[in-house]
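Hello,

Here is the structure I promised to pass on. My notes follow below it.

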Amino acid sequence: MQNPFELFNLAVAFHLDTALLSQRYLELQKQYHPDNAATAAQPQQLAAVQKAAEINDAYQILKSPCRRAEAILALNWQQSLNLEETVRDTEFLMQQLLLREDLEAAACACNEADIAALRTKAEGLQTQQLQAIEDAIRQKDWRSLKQQIDRLKFVEKLLQEVDHIEDRLYG
């Protein structure tokens, strides 16, 4: 895949102007929409579909802070990335385990206050991880960036679990 920042003609940066990103996405979608090649030969139609898919994939990467950080890491870290390797920080992992146990207990008890408190805590952790990612990028500390991305994935998964529980209980 092409560098997503390059595809959208954006500087490689963690903070993006989301309005500009959306505007460029719509422009690219309009320019490369497969319907524009509907009367073209089969190879051109296939190329148009592939380009539209590439644009969609790049947009999803740039829209997500976690995936955007991964793209920055891939562009800068010369070592091969093992995306399957995960957090080895025992203290962080224990914290995540305890938060999930607390969430499960709150869900079983249908305790809205505890669920809301866990959401707030998880959102705070997410903010901390995003700041740590920004710091690692600014310092060009790619090993630390990889660790912070992995931690962010745990926190985002916790937030998804909170969403799921809230949907199940109150939705």
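**Gln 129 and its partners**

Beyond its neighbours within four places in sequence, Gln 129 is in contact with Gln 148, Arg 151, Leu 152 and Val 155. Please keep in mind that this is a predicted model. Gln 129 sits in helix α6. Its relative accessible area is 8%, so Gln 129 is buried. One of its contacts is Gln 148. Those two residues are 19 apart along the chain, and their C-alpha atoms are separated by 6.2 Å.

**The chain as a whole**

What is the chain built from? Seven helices and zero strands. The order from the N terminus is α-α-α-α-α-α-α. The radius of gyration is 20 Å, well over the 16 Å that the globule rule gives for 171 residues, so the protein chain is more spread out than a compact globule. Its C-alpha trace spans about 60 × 40 × 30 Å along the principal axes.

Of the 171 residues, 35% are buried. Now the contacts with a separation of 6 or more: 68% of them join residues 24 or more positions apart.

On the surface, the protein chain exposes about 10,400 Å². Carbon and sulfur atoms supply 50% of that area. As for charge, there are 18 positive and 26 negative side chains. The centres of the two sets lie 5 Å apart.

**The N-terminal end and helix α4**

Asn 3 belongs to the segment before α1, which covers 4-7. Is Asn 3 buried or exposed? Its relative accessibility is 19%, and the cut-off for buried is under 20%. Asn 3 therefore counts as buried. The side chain of Asn 3 reaches the backbone nitrogen of Phe 5 at 2.8 Å. Outside its neighbours within four places in sequence, Asn 3 is in contact with Val 12 and Leu 75.

Phe 5 turns up again in the contacts of Ala 71. Ala 71 lies in helix α4, residues 65-76. With a relative accessible area of 11%, Ala 71 is buried. Leaving aside neighbours within four places in sequence, Ala 71 is in contact with Pro 4, Phe 5 and Ile 61. How far apart are the C-alpha atoms of Ala 71 and Thr 120? They are separated by 28 Å, with the two positions 49 residues apart along the chain counted as their offset.

**Two positive phi values**

Most residues other than glycine have a negative phi. Two residues deserve a look on that account.

Asn 9 is not a glycine, yet its phi is positive, at about 55°. Asn 9 is found in the loop between α1 and α2, the latter being 18-32. At 62% relative accessibility, Asn 9 counts as exposed.

Cys 110 is not a glycine either, and its phi is positive at about 50°. Where is Cys 110? In the loop between α5 (90-108) and α6 (112-138). Its relative accessibility is 46%, so Cys 110 counts as partly exposed.

Best wishes

Technical notes: Residues are numbered from 1 along each chain as its sequence is written. This is a predicted model: local features need pLDDT of at least 70, side-chain atom pairs count only at pLDDT 80 or more; totals for chains, interfaces and linings use all residues. Side-chain values use heavy atoms; hydrogens and water are left out. Helices (H or I, at least four residues) and strands (E, at least two) are DSSP runs, numbered from the N terminus. Buried means under 20% relative accessible area, exposed over 50%, partly exposed in between (1.4 Å probe, protein chains only). A polar contact is a pair of N or O atoms within 3.5 Å; within protein, one must be able to donate a hydrogen and the other to accept it, and residues adjacent in sequence count only if both atoms are side-chain atoms. Contact means heavy atoms within 4.5 Å. The radius of gyration is taken over C-alpha atoms; the globule rule is 2.2 Å times the number of residues to the power 0.38. Accessible areas come from the Shrake-Rupley method with a 1.4 Å probe; for residues, only the protein chains shown count as cover. Lys and Arg count as positive and Asp and Glu as negative; His and the chain ends are not counted. The place of a charge is taken as NZ of Lys, CZ of Arg, CG of Asp or CD of Glu.
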